[in-house]
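Reader: I have a model open and would enjoy going through one corner of it with you. Could you show it here so that we look at it together?

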Amino acid sequence: MVERWLAEKELTARMDVQIESLLIQRQQMVDALRVGDLIAVRQMYRQDRRLMSQIRVYDEQGAIIFPRYRDRDERTQGRGQSGQQSMERAMQRPLPPPPRTYDNKPSNLNDEIPARQPSVLHEILKPIMPSSAAIADTDARPELADISVELPDGQSVIIQLRPHLRFADVVELQHGNFPLRLLLIIAFSVLVCVWLSRTLTQRIGRVQSTVHRMIDGDYQANPALSKMGNDELGLLAKDVAHLSTRLADSELARKQMLSDISHELRSPLARLDVATELTRDFAPNAHRYLDRIDKESARMNELIEQIIHIQSLQMQQYTIDNLESEAVDLSEIISDIGQDVCFEFQHKEVRWQWQPPEYSFGNDLKSAWTVQGNQEQLHSALENVVRNAFMHTAAGSTVIAEMKAVQIDNKMPAIQISITDEGGGVANEDLERIFQPFVRLDTARHRDTGGYGLGLAIVHAVVMAHKGYINAHNRRDGVLGLVVQIVLPIK
């Protein structure tokens, strides 16, 4: 459209210049015809044949008088004749049939170019040339109307203007607009490529986000994956959604089976406790062995309770309604945990470095660091991480707690909690394993520190149930220690 407008504007300007020249030539011709100076008229046609070919002179019967170009010898012989004899000779020559209509179009405009089969590139780069700008519209321009001139002998002739641009001018204009045409094509191609790139990137990003959530243990399928079309990428997205659904069902079945097994183990343990108490009455001398049975039975009950607790937390990832949501102030929880743990580990003289932050997401400072979740579960998870830090850090060292505002996926506001100790750190290959159930490192296998290896697994389950994530990495400031980071979305 831009090229068409520019081309039409240029053609109109050229046509205006040419019409002005034709009007001047026509006025000179009218003056010459009125005095009968046909030699001057003929001289005008000889001087500028290209321009004068657009001025036609007809007699009263419609026969063309000018332009009439004879061969060179005949023109040489006729130079000495008078104007009146030339006019009579012109009237006596055989005349072509009178024109029926004047369509104001050059008859040989398209005959100058030989016919050829255009190439595909030519068709693409070929501009849309406005035909109305190459040929003047006589209806829109009254000055181009035919005029009648009376000769000295009483006869009348009709002067008609047929202004049009040469085909060479049109071709020249086409070639002149080629850089602009090419620039428009390139600009349009770039816009299409950017649009396609953004569309494909967004679709691939949805699939990638689902895969990353599956890697993190969240197998909930994204409903948008099933509505991405039937092309190759759409079919891949549907396969990923189907895989996510199957993995979620499998994970639910595994967790349900483990939960059922844990519940079933409690019944024989309960019967074992009853049998132990009865044995005490009939075997007074076996208290030493019965106490051992009670101790191991209590440990098994504790282990089963923790397993059931983990399974219930992990199930909350897929049954969100089971999670009782309330406003939980994380800053207050960390302050309370710090006081309790400092009192418990005062024999190690561990310094607790924690300063509640003042930054808030809004104007309400009270709700600055508040998330929606389960108060008891979040307190248990944060207490577990802080206790592990105090337990494994060296005596006389420092445990640091920090909190700051972050964003999940660059759009969702969240809170990041970092707990840093000076306990020597963890091997890089074990950083991912420490959040799995029953994983105990070589340095924490005894009962006082290692437990059953379920503490961080419970923390991981709580964080995942609240749609957050947890990770651990060794300190990078030159001090041996571990940094545990927990990120929880505000809503």
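Reader: Which side chain of opposite charge is nearest to Lys-348, and how far away is it?

Author: Happy to help, and please keep in mind that this is a predicted model. Lys-348 is buried. A salt bridge would need a distance within 4 Å, and Lys-348 has none. The nearest side chain of opposite charge belongs to Asp-421, at 9.4 Å.

Reader: What backbone atom does the side chain of Lys-348 reach, and at what distance?

Author: Leaving aside residues up to four places away in sequence, Lys-348 touches Phe-390, Met-391, His-392, Thr-393, Ala-395 and Gly-396. One of these also offers a backbone atom to the lysine side chain. That atom is the backbone oxygen of Phe-390, at 2.9 Å.

Reader: Where in the fold does Lys-348 lie?

Author: Look between a helix, α12 (330-344), and a strand, β6 (351-354). Lys-348 lies in the loop between α12 and β6.

Reader: Which strands are at the edges of the sheet that holds β6?

Author: The sheet is open, with mixed pairing, and its five strands follow the order β6-β8-β9-β11-β10. An edge strand pairs on one side only, and that applies to β6 and β10 (469-474).

Reader: Which residue of β8 stands opposite Gln-353?

Author: β6 and β8 (residues 398-408) run parallel and are joined by four bridges. Across from Gln-353, in β8, stands Ile-400.

Reader: What angle does α12 make with β6?

Author: α12 packs on the sheet, where it touches β6, β8, β9 (412-420) and β11 (482-489). Comparing its direction with that of β6 gives about 170°.

Terms used
Residues numbered from 1 in each chain as written. Predicted model: local features only at pLDDT ≥ 70, side-chain atom pairs only at ≥ 80, totals over all residues. Heavy atoms only, no water. Helix = DSSP H or I, 4+ residues; strand = E, 2+ residues; numbered from the N terminus. Buried < 20%, exposed > 50% of the residue type's maximum accessible area, 1.4 Å probe, protein only. Lys, Arg positive; Asp, Glu negative; His and termini not counted. Polar contact = N/O pair within 3.5 Å; in protein donor to acceptor, adjacent residues only side chain to side chain. Contact = heavy atoms within 4.5 Å. Pairing = 2+ DSSP bridges. Axes fitted to C-alpha atoms, helices over the stretch in contact; angles between N-to-C directions.
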